[in-house]
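Please look through the sequence and the model below before reading on. The paragraphs that follow lead from one local feature to the wider architecture and back to single residues.

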Amino acid sequence: MRAKITYLVTAAVLVFYFVLVGGRGLMLIRHGTLLTITFGVAVLVLPVIGVWFLWKNTQFVRRANALAAELDAEGGLPVDDLARTPSGRIDRDAADAVFARRREETEDAPDDWRAWFRLAVAYQDARDTPRARKAMQRAIALHRSRPSRVSGPSAPSSGRPSGA
C-alpha cells in the first residue's frame, strides 16, 4: 500500500510540474518572436515526454498488478518466505537459490507467462531491477498474446486438458 501511495504522490507532483512547465512553454510561444517560439516549443517537449513516460509506467504497473491478481486467484503467486537480514532486506543467498529455481522453470516453459512473472519476482528479490522489468514485460506480452477463450458450445474433448 505504501508503494501505491508513493507512486500516486509522485505522479501528482509530476503532473503539476508538467502543467507548470507547459504553461510556461505556451507563454513563450504566445510572445510571438522567433526566439521565444523556439524556446516555447523546446520547453513543451519536456512535458510531452514526461506524460508519455508516466503513462507507459502506469500501464506497466496496471498490467503487472492484473497478472499478480490472476496468478493469486489461481494460487500460483510466489510466497515471500525468504530469509531476511536484521535490517529487513532479503538475504542474497536465499534470493539466489530461489532465482536459480525460477530460471529453470522459465527455461522449461519459455512460453508460460506465469513462469516469467515468477522469474521477474525472483530478479527483483535478487535486486536486479532492470532484468526484473524485462521479465515482467515478457510475462505481460505472453499473457496478452495468448488466445482468448471463446464462450460458446465447446468442441468434443480430445482427452487432453485445454491449453495443452
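Just after helix α2, G75 takes a positive phi of about 80 degrees, in a model that, it should be said at the outset, is predicted. Helix α2 itself covers residues 34–74, and its length can be checked against a simple expectation: at 1.5 Å a residue, its 41 residues should span 60 Å, and because the C-alpha atoms at its two ends are in fact 60 Å apart, the expected and the computed span agree.

The wider setting of this helix is a protein of 5 helices and 0 strands, which read along the sequence gives the pattern α-α-α-α-α. Buried residues account for 27% of the 164 residues in the protein, and the accessible surface comes to about 11,900 Å², with 62% of it belonging to carbon and sulfur atoms. Of the contacts between residues at least 6 apart in sequence, 54% join residues at least 24 apart.

Returning to α2, one finds that its buried residues include T36, G40, P47 and G50, and further along N57, F60, A64, L67 and L71. What covers the buried residues of this helix includes α1 (2–31), α4 and α5 (129–145). One of those buried residues, F60, has R133 lying over the face of its ring, at 4.0 Å from the ring centre.

The largest nonpolar core holds 19 residues, and those with the most contacts inside it are L67, W113, F117, M136 and A139. Helices α2, α4 and α5 each supply at least two residues of this core, while the largest share, 7 residues, comes from α4. A139 illustrates how the core is joined, for once its neighbours within four places in sequence are left aside, A139 is in contact with L67, W113, W116 and F117. Apart from this there is a second, separate core of 6 residues, among them L82, I90, V98 and A126.

A search of the whole structure for aromatic pairs finds 2 of them. In the pair formed by F99 and Y123, the ring centres are 4.8 Å apart and the planes stand at 50 degrees, so the pair is tilted, an angle between the limits of 30 degrees for stacked and 60 for edge-to-face. This pair links distant parts of the chain, with F99 in helix α3 (residues 92–108) and Y123 in helix α4 (residues 113–125), 24 residues apart. Both partners fall under the 20% cut-off for burial: F99 is buried with a relative accessible area of 14%, and Y123 is buried with a relative accessible area of 16%.

Helix α4 is also the place of R118. Is this arginine, R118, buried or exposed? At 16% relative accessibility, R118 counts as buried, because the limit for that class is under 20%. Leaving aside its neighbours within four places in sequence, R118 is in contact with L71, G76, P78, R102 and E105.

Another arginine, R127, lies in the loop between α4 and α5. The phi of R127 is near 65 degrees, a positive value in a residue other than glycine, and R127 is partly exposed, with a relative accessible area of 40%.

Technical notes: Residues numbered from 1 in each chain as written. Predicted model: local features only at pLDDT ≥ 70, side-chain atom pairs only at ≥ 80, totals over all residues. Heavy atoms only, no water. Phe/Tyr/Trp six-rings, centres within 6.5 Å; stacked < 30°, edge-to-face > 60°. Helix = DSSP H or I, 4+ residues; strand = E, 2+ residues; numbered from the N terminus. Buried < 20%, exposed > 50% of the residue type's maximum accessible area, 1.4 Å probe, protein only. Lys NZ or Arg CZ within 6 Å of the ring centre and 35° of its normal. Expected span 1.5 Å × (residues − 1). Contact = heavy atoms within 4.5 Å. Core = buried A, V, L, I, M, F, W, Y, C linked by side-chain atoms within 4.5 Å. Areas by Shrake-Rupley, 256 points an atom, 1.4 Å probe, with all protein chains shown as cover.
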